[in-house]
Amino acid sequence: MANPKPRKLTKPNGAAVKARGRNWENDLVKVFQELGYEEAKRNGAIYGSHDRGDISNVPLTVQAKAVDRIQLWKHLDDALAQAHNNGTGSDTCVVYKRHQAATEEAAWVFPGNFATRLLNAYYAE
């Protein structure tokens with residue numbers, strides 16, 4: 001998808017940003033439920049400064065991002081810190097929503113050692 005149209009916010013900026021993030025988290029919950037994790041749900045802000053990711057009841061820590069500016073390393077570092085709080089080690093990912101794109105077109109970013117294990121498990125003979 002080339003050059004998406006600029007976003008026009010119908011709500012005040014803060015509320016629109018929160019709604020965009022909440023809607024993206026809800027979309028990801030549906031993805032995990034379709035993958036067989038029926039108990040997947042949004043965490044919301046229940047853990048305060050000890051954030052454990054945006055989605056609970058899944059086997060990894062998920063950081064959902066519906067942002068205009070991707071800060072990959074910062075977001076991945078945040079996801080790793082949240083994974084530590086969640087007890088999933090490096091089993092974490094950051095899922096970026098692409099503006100005006102379907103959920104399936106999201107970009108999933110994994111730490112290298114977790115990605116290696118996933119690839120090995122999927123492609124190993």
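Helices and strands are here runs assigned by DSSP, numbered from the N terminus. With that convention, a label such as β2 or β3 can be found in the viewer, and the loop between β2 (55-56) and β3 is the place of Asn-57. The model on the screen is a predicted one.

**The whole chain**

Begin with the protein chain in a cartoon view. Its secondary structure comes to three helices and five strands. Followed along the sequence, these elements appear in the pattern α-β-β-β-α-β-β-α. Of the 125 residues in the chain, 32% are buried.

**Strand β3 and its partner**

Select residues 61-65, which form strand β3. Are the residues of this strand buried or exposed? Five of its five residues are buried, so that the strand is mostly covered, where buried means under 20% relative accessible area. Colour the two faces separately: Thr-61, Gln-63 and Lys-65 lie on one side, Val-62 and Ala-64 lie on the other, and all of them are buried.

Next add residues 92-96, strand β4. The two strands run parallel, and five bridges join them. One position to display is Lys-65, whose bridge partner in β4 is Tyr-96. To see how the chain passes from β3 to β4, show helix α2 (residues 72-86), through which the chain crosses; this β-α-β crossover is right-handed.

**A salt bridge within helix α2**

Side chains of opposite charge can pair when their charged atoms come close. How many salt bridges are counted in this model? The count comes to three.

Remain on helix α2 and select Asp-78 and Lys-74, which both lie in this helix, four residues apart, about one turn of the helix. They form a salt bridge in which the closest N and O atoms are 3.0 Å apart. Asp-78 is partly exposed, at 27% relative accessibility, and Lys-74 is partly exposed as well, with a relative accessible area of 45%.

**Salt bridges between separate elements**

Move to Arg-117 and Asp-91, which form another salt bridge, with the closest N and O atoms 2.6 Å apart. Arg-117 lies in helix α3, whereas Asp-91 lies in the loop between α2 and β4; the pair therefore ties together parts that are 26 residues apart in sequence. Arg-117 has a relative accessible area of 41% and is partly exposed.

Then select Arg-42 and Glu-25, whose side chains meet in a salt bridge of 2.7 Å, N to O. This pair links distant parts of the chain: Arg-42 belongs to strand β1 (residues 41-42) and Glu-25 to helix α1 (residues 13-34), 17 residues apart. Which of the two counts as buried? Glu-25, at 12% relative accessibility, counts as buried, while Arg-42, at 30%, counts as partly exposed.

Strand β1 also holds Lys-41, which is partly exposed at 48% relative accessibility. Draw a distance from its C-alpha to that of Asn-26: the two residues are 15 apart in sequence and 7.8 Å apart in space.

**The aromatic cluster**

Display Phe-32, Tyr-37, Trp-108, Phe-110 and Phe-114 as sticks; together they form one aromatic cluster. The count of aromatic pairs comes to five. A pair of aromatic rings is described by the distance of the centres and the angle of the planes. For Phe-110 and Phe-114 the distance is 5.7 Å centre to centre and the angle between the planes is 65°, an edge-to-face pair. Phe-114 is buried, with a relative accessible area of 8%, whereas Phe-110 is partly exposed at 27%.

**A nonpolar patch on the surface**

Switch to a surface view and select Leu-119, Tyr-122 and Tyr-123, which make a nonpolar surface patch of about 430 Å². Tyr-123 is found in helix α3 (residues 112-123). Its relative accessible area is 58%, and Tyr-123 is exposed.

**Two loop residues with positive phi**

Most residues other than glycine have a negative phi. Finish with two residues to inspect in this respect. Asn-57 is not a glycine, yet its phi is positive, about 65°; Asn-57 is partly exposed, at 44% relative accessibility. Gln-100, in the loop between β4 and β5 (107-109), likewise has a positive phi, of about 60°, although it is not a glycine. At 47% relative accessibility, Gln-100 is partly exposed.

Terms used: Residues numbered from 1 in each chain as written. Predicted model: local features only at pLDDT ≥ 70, side-chain atom pairs only at ≥ 80, totals over all residues. Heavy atoms only, no water. Buried < 20%, exposed > 50% of the residue type's maximum accessible area, 1.4 Å probe, protein only. Pairing = 2+ DSSP bridges. Right-handed = clockwise from strand over helix to strand, strands pointing away. Phe/Tyr/Trp six-rings, centres within 6.5 Å; stacked < 30°, edge-to-face > 60°. Patch = residues over 30% accessible without salt bridge, like charges linked within 9 Å, V, L, I, M, F, W, Y side chains within 5 Å. Areas by Shrake-Rupley, 256 points an atom, 1.4 Å probe, with all protein chains shown as cover. Salt bridge = Lys/Arg side-chain N within 4 Å of Asp/Glu carboxyl O.
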